Structures are given as C-alpha cells and as structure tokens.
Amino acid sequence: MNEGGSSAVERALQYTAGQKLHGFTVKEVTAVPDLFLTAVKLSHDATGAQYLHAARDDSNNLFSVQFRTTPMDSTGVPHILEHTVLCGSQRFPCRDPFFKMLNRSLSTFMNAFTASDYTMYPFSTQNAKDFQNLLSVYLDAVFFPCLRELDFWQEGWRLEHETPTDPSSRLVFKGVVFNEMKGVFSDNERLYAQHLQNKLLPDHTYSVVSGGEPLAIPDLTWEQLKHFHATHYHPSNARFFTYGDLPLEQHLQQIEEEALSKFERTEPNTAVPPQTHWDKPRVDHVTCRPDALAPDPIKQNTLCMSYLLGDITDTFEAFILSLLSSLMISGPNSPFYKALIEPEIGSDFSSSVGFDGSTRQASFTIGLQGMAEDDTETEQIEALLHKIEIQMKHQSTSFGLALASYIASCWNHDGDPVQLLKISENVSRFRQCLKENPRYLQDKIQHYFKDNAHRLTLTMSPDERFLEKQAEAEEQKLQQKIQNLSDADHKDIYEKGLQLLAAQSTTQDASCLPALKVSDIEPIIPYTPVQPGTAGGVPVQYCEQPTNGMVYFRAMCNLNSLPEDLKIYVPLFCSVITKLGCGELDYRQQAQRIELKTGGMSVSPQIIPDTADLDLYEQGIILSSSCLERNLPDMFQLWSDIFNSPRFDDEQRLRVLVMMSAQELSNGISYSGHMYAMTRAARTLTPTADLQEAFSGMDQVRFMKRIAEMTDLTSVLRKLPRIKRHLLNPENMRCAVNATPQKMSEAAGEVERFIGNIAANRKERKPVRPTVVEVRPLDPQAGSSASRKLISEPHFKPCQMKTYFQLPFNVNFVSECVRAVPFTHTDYASLCILARMMTAKFLHGEIREKGGAYGGGARMGGGGLFSFYSYRDPNSTQTLSAFRGGVEWARAGKFTQQDIDEAKLSVFSAVDAPVAPSDKGLGRFLNGITDEMKQRYRERLFAVTDKNLIDVAGRYLGVGQQTCGVAILGPENESIRKDPSWVVK
C-alpha cells in the first residue's frame, strides 16, 4: 500500500514551504500528532485558490471544494445554483451526473450542501482510479456547468400549466427548489432557526434566506443565476481540501490541468463584514403553523434568547465559547437540563439551542429558564475536555468528511484551518488560563452574556390562519406574474412546459461519464486476525487494531432463560440500565462518571439470524463501551456496578427516561416508516423477524406509548431487577476486545478481573423452552471455546399476512417481504444483485419518478428475507403492483450486461464499505461470519450471470412460489378497509 513502507503522514512531512508543485506553492507543512495527520497548506499561483491537504493513513480518501457564496437577497440563488450545476457540464453533458455516478463508482460518500455563506461539494472513495473519475466529474460540474435555461426551470422555478399538456388548465408555480423550500418553511423548527439568524445578524448576507424564501424565488432570473456562478464559482473564491493516503501531487496536477489552468485571477468581492454591535437588546415575534401532533397544545410556544459572540476566525476564543456553551446545556448535570427537562417545563427544548459557529460571528441561544446559574463545576469541565480527547482519537470511517465540515466555516472567512486542528494546544492553553485566573470562565460569562447588549429575544406562537395566509400570499404573487404576460408569453409557457416534459421522458445516454469496471474491484478481502481466549470461563475474542490508544469492549449475553411475559420489556431495560445509577452513584453522578471515564456505555437488544438455517436464531443483548487506555479499570468498575448493584428505586427518573424514549419513537415513525413497514411485513415469515417486530417494530412503539401513559410506573420498575437476573449473567456471556497490540495483555487482565467481580451473578438457569437449544461453535477452525446457543422454533409455521396501520400522515410507507434463503446459500448472492439492479433500473423509475414517492426499492437482508419498500409515497396499493412489475421485468430478462455490472459495483461498494478499527472482527464475534465465509460470498457475487438473475426472480419471487407478507403505514384508506384480506390496525 505505501511505497517503501513509509506512511502518508511521513511522506507529506517532506514538502517544504516555498516549494512549487503543478502551479501551486507550498505555504506551510505542519505535523498534527493529535489527529495522526500532516497538514500541507498551498495556494495556486495564477488564481490564488487556497488548498489544504491532510495526509493520513486512511484509505477512505476525500475531496471537497467550497465557494464563499454570500447572496444579498432571498431568491435562493446559491441553492438553485447548487442544484443546476449538477444537471450536466461541458465534458459530461448528461442529466443528473451525480445520481448516475452512484452506480458507476465505489464512492463511500457523494453530495453537495448549501450553507448560509458557503456551498460545498464533497466526495470520498477508497479506490484511486475512482477518485480520479469522481474528481473529473466534480471539477467539470462546478467550473464548467451547462446551466441550461431548461435546467433552471426544472430545478429553480417556472410558471406552468397545472397539467402541462392542457393549455386551458390554470397556471401555477413549479420547480424542485421552490417546492423543497415550501416544505422547509412548513417545519416550525427550521422556520424558527431561520428567523433567529436573520434577525440577530441583520446587516449583511445573514439577513436573507440563502436556501430561498418561497415567495422571493420567482424573482430570480436565469441571467442572474449565470452571473452569480461566474462571480462566485471561481478559483479565486475557492477552497480545496483533500484528505487520506493518496499522493497529493496527483490531485494537484489533475486539478490544475482540468480546471485551474483555464482561469485568470479575479478579486471576488464576497467577504462578510462584521455585524455592527447593538447598543440595546431587541425583542421580536414570529408565527408558525399549529402542530396537529403536539401532545399539549398549550406548550406550542417557543421562546429563546440569542447572544452575538466573537469572531470565529479567532480560533482559541471560538474554542472557549463552544466549551462554555456545552457546559451550560449538555446532559443531566447542566444548569439548563436541571431547570428545563426535569421539572417537565418542556419535554425537549427548541432545536435552535446552543452554540452556533457557522456564521462569521458565533452566537449562543438558550431557553429563558436556563440562565440562572453560572457556577461550573471542575469535574464537569474535566468531563468535557475528556470528551474532546476521545473525539480526537476515536476513528470513524468518515473522518475526512468530519474534518471538512469542521474547518469549513472558519476557513470560509479566512481563518486558519490548521490552527483549528491543533486541538490539544487549545486544551492546554485553556488549562493555563484557568490556572492563572480561576474565575476565567465566570469572566467570559460576564462579558458575553451579562454585559452583552447584542441580545435578541424571539418568541414564536402558532397562528390558526398561518397556512391560509401563506397560500394567499402565493396566490397574490402568482396573479402579479400572470398579469404581466403577453399572448406570446402564454404560448411560450405552454411550449416550454411540453419541452421540459419531453426532456424528462427521454432515456439519457450516460456513456460520457467515466465508470469503474467489475475487474477494478479487489478479488480478495484483507484478512482480519483475531485471537480467541477465555477469562474466568467466559469466552473472549481479542482483536489487535490501530485504535489510537482507545479500547473497545463488547459483551453478548443471551436471554434464553427469560420468562416470555418479560420479553417485550427488553428494549426498555436496555435503554435505561445505564442511566438509573449504580453502586454508590445516583444517576447524575453515574452520567458524570461515564462522561469522565469512557466514550459512552450502551446496551441494546440483539437478534442474530443463523447464517445457514432460517428457523434458527440467537437472542440476547449486547453491551458496548470504549475508553482511553488509562481509564480501563474505571470503565470495568462501572460495568461491575451495573451487574452487581444497579439502582431501581427512582420512579421519577424512570418516568423522564420513558417520556424521552416514547417521544423519540413516535417522532421516528415519519422518518423511518419504511423500516417499520418492512419489519411488520416480515413478522410472519421467520422466527427472527417475529421477535424483531416485538423489539423494534410497531408492537414496541405501541407498547412504549402504553407505558408512557401509565400514571404510576412502580410495576414497571419492579420488573427490571427480574430481567437483570436473567440477562446480566456471566453464564450466558461472551466478550470481545479491540485495542492496540501494546495494551492487549493489560486489557485481558482487566477483563479477567471484571469477570471475577461479577461471578456472584453466575447461575445455571434453565432455558424457557428446554428442547430448543442448539450449540454451535463460533469458529470451527480456531478451536476456541466460544459457542452460540441457538434457538429453534419447532412450532413456527410461516404464513401470509397483510397489515394496514392507519396513521395521521399524508403519505404511505409500503412494504412486501418474501421468505428466501440464508447468507451461506448459493442463491443469496444472486438475490443481492437482483435487489440492487431492480431498484436502480426499474423500481426507482416506477415508484419515485412516475409515482412521486420520495424513494423506493428492494433489498436482500441477512435474515434471509427479500424486501420491497417505498418511502413517503403518495400511493398505496398501486405501489404493490409496481413491486410485482419489477419481478416480471426481471423474469423477462429486460436488462443488459451493463445493468448487471453496475449492480455489482453498487453491491461491492456496500460490501467493501470501510470498517473502523473499533469494529473489525465484530461480524465474526456476533454472527460467526468468518473471513472464509465472506470470501466465498464475494466469489459468488463476481460469478452472478443474467441466467442466475432470471432464475432466482422466478423461483423465489414469482407469484405463489414462497410465503410473503405485506404491510402499509398510511392515512385512512377506504378500499383497503373494505377488503377482508387486510388486517387494519
């Protein structure tokens, strides 16, 4: 991987300031040991474009280019431009190149964002050739887009007949961004946040809506759009960021040749001046639509206070301010939480709360009740600094993307991004300030909050006529546009509407876009070595990984001995067991210890289907936590206390947790309705799916709603210790540890001590269903003692069922699931490719483009089920016909070899998604899926042919071939209610 064994970090240190590379000059080279990277800052000689490269030994390489886009009106020009540059460019004139590249690349991320003062275009991939392909597409899109007038109408706004083919139907506003922003402004939280920024910073670009105010969007012309592009999307106004282990010089050469060499320097006049400080506070009020689902109509008023703070380009001051903000509002120990959530003044406070460093001057917003206290405890400060240290060391798989977002705002205003990366320097400077002045933070509070006149108090309350007034205003705008039209304009509008319709209906030729070939995919997976061991009779898997000094611990405990009536309580037990206090600690002290000594501790239900038999599964809970190496003993002490002496005595605390959890579940349905529909559709097909529905499906949502409505939770509190005796039992446990080789033996010693500490909980308990346990070794080759106790359900018979959940939504979530085959079956790979191909080449077009749903498709799951789904769908039963249509399309072989290859790329992109050091070896530990099994699956994927696809489509998905289940979540549906084949809930 690395030439001559040297790392990317070391290679980058060899650059020197003043060195010339492909039209760029190196400005500075800085080692950043905190983040295990080398930062190289350059600038482009001819245009002045700024460039930052972060060299790090991470194969998930990232590219991002950002432009400072500072609009002076609310027409949404930067947002509409972000949409239109993605509609084709000079070298790649096809429509929607981003969407098409998804199937032609192994990218791990592709997107574009419009912030209030910059627009950013990032992508990431692990494959070098793919990086070059995507870089070409991105550079051409931003610097040389077509910006056709037709694209502007489609993406921005247009006047069009309601039915484009009928010139007598009325004229209306249409357009992707126009509709998107109408949606955004119907979300009260987004509306509030937008007003808050506009009114706190009224002098310049922050006083307008960068995404577009629906009624101002129709004032934008195509000419203005092209002018904004020419002035803002220019190298002299650009900042390039690259990250990862690919060589910097190749990036520079490609960017110079394909883009920058074609430009001269300009003076972009895009800087944002500081906001003038007010001499006295202001008060303002806005209205919003009433929320039909609000549990308490009286509690619909939002009230916040916002303070303007310092300039974000002063990186140390910004660090102090964000630290201060966290102290005031994070977790159950903050003054804010104590004052608001616990007395149930609000079930949760406004989402605008906290520190905002995304504008040139930062701001801080808080609900009024939270401002009483100003004494911050030292232990809380330590816990926060500890959190910062963990965030630096914990390596996520999208580290590059996180860095790009972290530096974007400060760099956008010409702050120094490298200073921002020197986190521990800021921490030690802060410690020094505290040492010299113990009242350092109190003085900051005095300066920024108590003596600060630049303060806005903004209230928002519902107005019954809000939506009506909006509609009236839109109608007025529409009439004003229509009055100015001549007969020729009318004719023009009709013809352009037809033209757009024709353009959307033509099949697009994507051959101009670069694509990887199946032969570019690595044939063999890298091997992950693990060492089996035991601690006090409990099997442990050790996996040595470059974890940057973190230790990751997991334990799987089965629930085979748990009485049936307690099963439905398992998810609740998991979510509260680490939050009720333990040993000597009450819940507040426990929360503080967890923050101070670990990277978090969590417990969650786990249902693991067998890889070879659909009617076998393992049921249990998984404990997981992480810590810095020095805190190993403390982390295990916390777990020991949870095993030995958890507290189940605080009914009030349980109530707060239950309310928060029930609220989250009910909020989640509109975001993940398709997951709930799939879970319910599957429940009658396999024993695993049946339990999954109880633990994480609509059954669980309704159960939690029932619990939340109980006036007294004592009966629930009494069940928790019973559950704990069955679940937290070392007899039913296996553990896994990921750490650096240097620390592994120390970690093993701590696990040994932990198992000793909890030995008193060990009991041989009989399984509830004694006949049904099969013991299967986790890894037959390794000769380890770890085994999985699998449950088989001799009485389970798969059956057909159709369920309809009537909910207060205006859209449907539709799913159909079919019982197919487990992971190791020879047909599994073909079904995976089939699902991906059917989604991209048939279902996407039927369900989204024609049907108008937000999304839809098919997937093959590890539990052996083939699932169809749609997301935010205006149709219900019509979508079930689209699923059938997809099967017929595949059986008729209406696809090409190119379609199969694209589906393979897409599947491999998921199979080979980067795995963080903390998660390596986890698949083997949980599911018993070894590297050999993965390699066999890989070879089967490569080998899938068109004949295989036609064959499995007929044998598994053909009508009447296998058992299937259907579920829909949606609004009232007359025809389904009258149909006796449906169960309506």
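**View 1. The stretch that UniProt lists as a coiled-coil region.** An unreviewed UniProt entry gives residues 464-491 as "coiled-coil region". Here is how that span looks in this predicted model. Residues 464-491 are 82% helix and 0% strand, and the C-alpha atoms at the two ends of the span sit 40 Å apart.

**View 2. S645, in the loop between α21 and α22.** Zooming in on this loop, we find S645 after α21 (632-644) and before α22 (651-682). Is S645 buried or exposed? Neither, quite: S645 comes out as partly exposed, because its relative accessible area of 30% falls between the 20% and 50% cut-offs. Looking past residues up to four places away in sequence, S645 touches C582, G583 and S640. G581 is worth picking out too: G581 and S645 are 64 residues apart along the chain, yet their C-alpha atoms are separated by 9.0 Å.

**View 3. The largest nonpolar core, and a second one.** The largest nonpolar core is made of 83 residues. If you want its best-connected members, go for L42, F63, Y121, F143 and F240, which have the most contacts inside this core. Which helix gives the most to this core? That would be α4 (residues 128-143), with 9 residues. A second core, separate from this one, has 65 residues, L562, F573, L713 and I755 among them. As a bit of background, nonpolar side chains in soluble globular proteins tend to be buried together.

**View 4. L42 and its contacts.** Here we stay with L42, one of the residues with the most contacts inside the largest core. Setting aside neighbours within four places in sequence, L42 is in contact with L21, F24, T25, V26, K27, A49, Q50, Y51, L248 and L252.

**View 5. An open sheet of 6 strands.** Reading across the sheet, the strand order is β27-β28-β26-β29-β25-β30, and the pairing is mixed. Why do β27 (855-860) and β30 (983-984) each have one side without a neighbour in the sheet? They stand at the edges with a single partner strand each, so nothing in the sheet flanks the other side. Further in, β25 (residues 801-806) and β29 (residues 964-970) pair in the parallel sense over 6 bridges. Within this pair, F805 stands opposite L969 in β29.

**View 6. Helices on the sheet.** Helix α28 (residues 877-891) packs on the sheet and touches β26, β28 and β29. The direction of α28 makes about 40 degrees with that of β26. Then there's α22, lying across β25, β26 (813-819), β27, β28 (865-871) and β29. α22 runs at about 30 degrees to β26.

Definitions and conventions
Residues are numbered from 1 along each chain as its sequence is written. This is a predicted model: local features need pLDDT of at least 70, side-chain atom pairs count only at pLDDT 80 or more; totals for chains, interfaces and linings use all residues. Side-chain values use heavy atoms; hydrogens and water are left out. UniProt positions are given in the numbering used here, feature names are shortened, and annotations may be inferred rather than shown by experiment. Helices (H or I, at least four residues) and strands (E, at least two) are DSSP runs, numbered from the N terminus. Buried means under 20% relative accessible area, exposed over 50%, partly exposed in between (1.4 Å probe, protein chains only). Contact means heavy atoms within 4.5 Å. A nonpolar core is a set of buried Ala, Val, Leu, Ile, Met, Phe, Trp, Tyr and Cys residues joined through side-chain atoms within 4.5 Å. Two strands pair if DSSP finds at least two bridges between them. Axes are lines fitted to C-alpha atoms, for helices over the stretch in contact, and angles run from 0 to 180 degrees between N-to-C directions.
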